Each structure stands twice: as C-alpha cells, then as structure tokens.
Amino acid sequence: MPTVAWLLTEGQRQPTIPALLEAFAAHLCGRGVPLERATLHVRLLHPQIRGMTYLWRTDRPGVEALQRAHGIESTPEFIGSPVFSIMEEGAEGVRYPLATLPPPYPFPILDELRADGMTDYAAMPMVFSNGRRHAATFASRAAGGFGTEALTLLYDSLPALTALVEARVLRLLATNLLNTYVGQEAGSRILNGDIRRGSGLTMQAVLWYCDLRGFTTLSDRLALDRIIALLNGYFEIMGGAVQERGGEIVKFIGDAMLAVFAIPAGSGPEQVAAACAIALAAARDAQAGMERLNAQRAAWGQPRLGAGIALHHGDVMFGNIGAPDRLDFTVIGPAVNLVTRLEGLTRGLGRGLVTSADFARACPDAGLASLGLHPVRGLDRPVELFGLDPAP
C-alpha cells in the first residue's frame with residue numbers, strides 16, 4: 001500500500017502520537033526505507049510544558065515521549081539544533097549525509113549521531129493549519145544512507161503525516177487545557193460529549209473546603225505580584241495535597257478551594273471510610289505543608305499564614321450549570337453549602353481542621369473528637385463538629 005494511502009487508513013486508526021509514530025516507522029521499514037531513528041517535535045499549550053519530543057529507534061521498544069519545559073526555546077541545546085532551524089528560522093528542510101560529509105558539523109546532535117553509527121540525517125517541517133511549525137527528523141545507518149527514492153517517499157508523505165499529528169496534538173491540547181482549568185474528571189466528561197446545560201449526575205463524595213485567613217488584610221498591604229505569588233504558593237500546598245491523594249480540585253474561589261474525593265456508586269461503609277481516611281490524610285499533608293511554608297516565612301520576617309480546612313461526607317450534583325453560552329462544571333447541593341460554612345467556624349474554634357458529624361461517623365477510626373454543637377449560618381439548628389484530638 002502506498003505510504004500516503006496507508007497514513008489515511010491504517011495511520012488514521014492510531015489513537016496517539018506515539019502509536020502513530022511507531023506504526024509509521026514500521027510501515028516505512030516495510031517499504032524498504034532504511035530507517036533507524038525518527039523523532040517528532042511538537043509545540044503545546046500547557047502551563048508547565050513547552051513541547052514534546054517523541055523518539056523512535058529500532059533498538060528500543062516503543063516510543064519515548066520527552067517533555068520539554070518552558071524556557072527550552074532559549075537554551076543552547078535547542079538553539080544549536082536542526083530542529084531550531086526548522087521550527088524557528090523557517091528552514092524548509094535540512095539533510096546531512098554523515099557517511100560522506102566530514103566533520104566539523106554545524107549541530108552537536110550530528111556528531112552524536114555519527115558516533116552512534118548513523119550515516120544519514122534529514123529534518124523536515126510539519127506546518128499545521130494555523131501556520132505553526134513543528135518538525136520531524138529521520139536517521140539511517142545504511143551504507144548509502146536514505147537514497148533519493150527513500151527521501152522522496154519521506155517528503156511526499158509528510159503532508160498526510162502532518163495532518164494526522166495535528167489532529168492528535170489538538171486532542172492533546174484540549175485534554176491539557178480542560179484538565180488544567182476544569183479538572184481531570186470534568187475534562188474527561190466534557191471531551192466525551194457531556195456538555196449540555198443542566199446535565200450531570202448525583203454522586204457520593206467527601207467534600208473539602210479550605211480558605212486562607214486574613215487574605216483581605218494581606219491583599220490591602222501587598223503589591224499585586226506578591227499577592228499572586230502568595231496565593232500560588234498556598235494553592236500549591238492545598239491543591240497538591242488533594243491531588244497527590246487522588247482528590248479532584250473543583251474550583252478556586254478567591255483564596256478558597258473546593259475539592260472532592262469521589263466515592264464510586266454502590267460503595268459500602270468500608271469504601272466510604274477509606275475515602276474519608278484519604279481526605280483526612282490529605283488535610284494532614286496540607287497542614288504540614290503550611291507549617292513548612294510558615295517556617296520559611298518566619299525566616300524572612302514575614303507574618304504567619306493561617307488556613308482553615310473543613311471536611312464533610314454527602315451527596316452532591318456534579319454537572320453543567322450556568323448561562324446558555326458560559327457554563328461551569330461544578331458540584332452543588334446542601335452538602336456543598338454545609339462544608340463551606342463549616343470552614344468559616346474554624347477560626348473561632350481555634351482549629352485548622354473541622355469535620356461534620358457525617359464525616360466522623362463515616363470514619364470512626366480516625367481519632368476525631370466532638371467539638372460540641374455550633375450554630376451554622378442558614379441552618380435552623382446547630383450542628384455537631386469534630387476535630388482531631390489533640391488539635392495539630
């Protein structure tokens with residue numbers, strides 16, 4: 001089967017970029033192309049990752065996916081590479097027949113490849129529909145390199161390969177952006193078509209709500225960039241504690257954070273108790289993180305930061321809510337209202353952590369002690385609160 005036709009049929013069935021590259025390389029080898037090494041270099045929109053490099057070699061299983069952090073574009077490693085000339089300088093392709101071209105070479109990677117026994121190297125642009133340039137590279141160990149026929153095949157197949165890579169990059173971008181801004185669970189549901197306003201499901205969950213104390217006073221005294229840095233450090237501790245224990249951040253609300261630890265449908269008391277224990281462990285992690293942060297702040301003569309965390313167990317509605325053309329994937333229900341109001345009691349009680357009675361009953365071995373009955377805004381009757389005894 002001609003290579004372009006293969007890409008538009010068999011290649012189209014490959015779900016990811018690594019799978020596509022591995023299958024494409026195998027196809028090329030089957031067509032007689034003496035391919036030993038191939039890479040794809042793609043840019044991404046991601047808060048931590050500038051791009052990805054996908055590396056295939058005949059002497060290694062699968063495809064290696066290498067993350068490139070922001071700032072890679074200004075490093076000597078990238079600037080002194082053929083990929084830079086393709087992606088940033090607009091080169092339409094470069095080829096170096098290493099077996100016949102003597103050193104010195106213009107790029108360090110060519111010396112490495114020649115030392116590894118490569119005899120030929122070619123880099124070509126993959127230009128997406130928005131004009132952004134990405135790159136593909138190919139290397140061979142054959143005595144005569146690629147040859148005219150092999151290079152022509154690679155060049156002619158590049159537009160079809162580019163279209164397939166772009167489609168998978170767009171899917172990856174959508175996944176990254178949704179996971180970053182709405183969370184992994186919500187992002188997955190949105191990508192799977194759950195986008196109608198009012199759609200959602202009722203689920204059992206452990207709810208987490210935390211708030212930074214004294215933020216209004218701090219924001220009046222600090223410059224905006226310092227406020228943002230402070231919030232980022234605080235949320236890194238709180239959000240990191242939740243995510244490392246398998247929880248899902250639902251939203252940030254000013255200096256507060258709402259999160260859930262989902263409980264699978266049909267779970268019995270043991271599964272519920274386990275979820276509550278995980279959430280409580282995450283709260284302890286967060287408090288330990290805040291202690292480390294405050295030790296650093298004290299060393300710099302900065303005031304201590306306080307934070308309150310409330311935990312509750314109950315049913316919530318998880319789904320699409322909002323205006324017709326501006327939706328929010330969130331959780332709602334009386335349980336959400338209660339956990340946010342319980343957190344507001346932490347400061348008056350001198351506690352960094354409180355839980356509801358429902359949470360304490362669901363997690364009887366957690367060492368939680370009653371803090372008595374307390375009035376809660378919006379409720380007719382006081383509620384019983386629990387906390388760790390002794391308080392951390």
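**Figure 1. The buried residues of helix α9.** In this predicted model, helix α9 buries Ile227, Leu230, Leu231, Tyr234, Phe235, Ile237, Met238, Gly239, Gly240, Ala241 and Val242. An α-helix has 3.6 residues a turn, so residues three or four places apart point the same way. The helix covers residues 224-244, and its 21 residues should span 30 Å at 1.5 Å a residue, which agrees with the 29 Å between its end C-alpha atoms. After α9 comes Gly246, where phi is positive, near 90°. One of the buried residues of the helix, Phe235, also serves as a distance marker in Figure 5: its C-alpha atom is 36 Å from that of Gly131.

**Figure 2. Helix α10 and the glycine after it.** Here is a second helix to check with a ruler, α10, made of residues 269-299. How far apart are its end C-alpha atoms? They are separated by 45 Å, and since 31 residues at 1.5 Å each should also span 45 Å, the two values agree. Just beyond α10 sits Gly301, with a positive phi of about 70°.

**Figure 3. Met203 and its contacts in strand β7.** Strand β7 runs over residues 200-213 and contains Met203. Is Met203 buried or exposed? With a relative accessibility of 15%, Met203 counts as buried, because the cut-off for buried is under 20%. Setting aside residues up to four places away in sequence, Met203 touches Val260, Ala262, Gly314, Asp315, Val316 and Phe318. Take Asp315 from that list: 112 residues separate Asp315 from Met203 in sequence, yet their C-alpha atoms are 5.5 Å apart.

**Figure 4. Ala136 in strand β6.** Ala136 belongs to strand β6, which is made of residues 133-140. Ala136 has a relative accessible area of 0%, so this alanine is buried. Which residues does Ala136 contact, leaving aside neighbours within four places in sequence? They are Thr39, Leu40, Ala122, Ala123, Met124, Met126 and Leu158. For a longer view, Gly322 is 186 residues away from Ala136 along the chain, with 43 Å between the two C-alpha atoms.

**Figure 5. Gly131, in the loop between β5 and β6.** Strand β5 spans residues 120-127, and Gly131 lies in the loop between this strand and β6. Gly131 has a relative accessible area of 45%, which means that this glycine is partly exposed. Now measure across to Phe235: Gly131 is 104 residues away in sequence, and the C-alpha atoms are 36 Å apart.

**Figure 6. A cis peptide bond and a proline in helix α5.** What is the geometry of the peptide bond from Pro103 to Pro104? The bond is cis, and its omega is near 10°. Pro104 is found in the loop between β4 (94-96) and α5 (108-115). Helix α5 itself holds Pro108, which is partly exposed with a relative accessible area of 49%. The C-alpha atoms of Pro108 and Pro82 lie 9.4 Å apart, while 26 residues separate the two along the chain.

**Figure 7. The whole chain, as a backdrop for the close-ups.** Zooming out, the chain has 13 helices and 14 strands. How does its radius of gyration compare with that of a compact globule? The chain has 28 Å, whereas a compact globule of 392 residues would be near 21 Å. Along the principal axes, the C-alpha atoms fill a box of roughly 85 × 50 × 40 Å. Buried residues make up 48% of the 392 in the chain. Among contacts with a separation of 6 or more, 61% are between residues 24 or more positions apart. The accessible surface is about 19,600 Å², and carbon and sulfur atoms account for 55% of that area. As for charges, the mean positions of the 34 positive and 38 negative ones are 3 Å apart.

Technical notes
Residues numbered from 1 in each chain as written. Predicted model: local features only at pLDDT ≥ 70, side-chain atom pairs only at ≥ 80, totals over all residues. Heavy atoms only, no water. Helix = DSSP H or I, 4+ residues; strand = E, 2+ residues; numbered from the N terminus. Rg over C-alpha atoms; globule rule 2.2 N^0.38 Å. Buried < 20%, exposed > 50% of the residue type's maximum accessible area, 1.4 Å probe, protein only. Contact = heavy atoms within 4.5 Å. Areas by Shrake-Rupley, 256 points an atom, 1.4 Å probe, with all protein chains shown as cover. Lys, Arg positive; Asp, Glu negative; His and termini not counted. Charge placed at Lys NZ, Arg CZ, Asp CG, Glu CD. Expected span 1.5 Å × (residues − 1).
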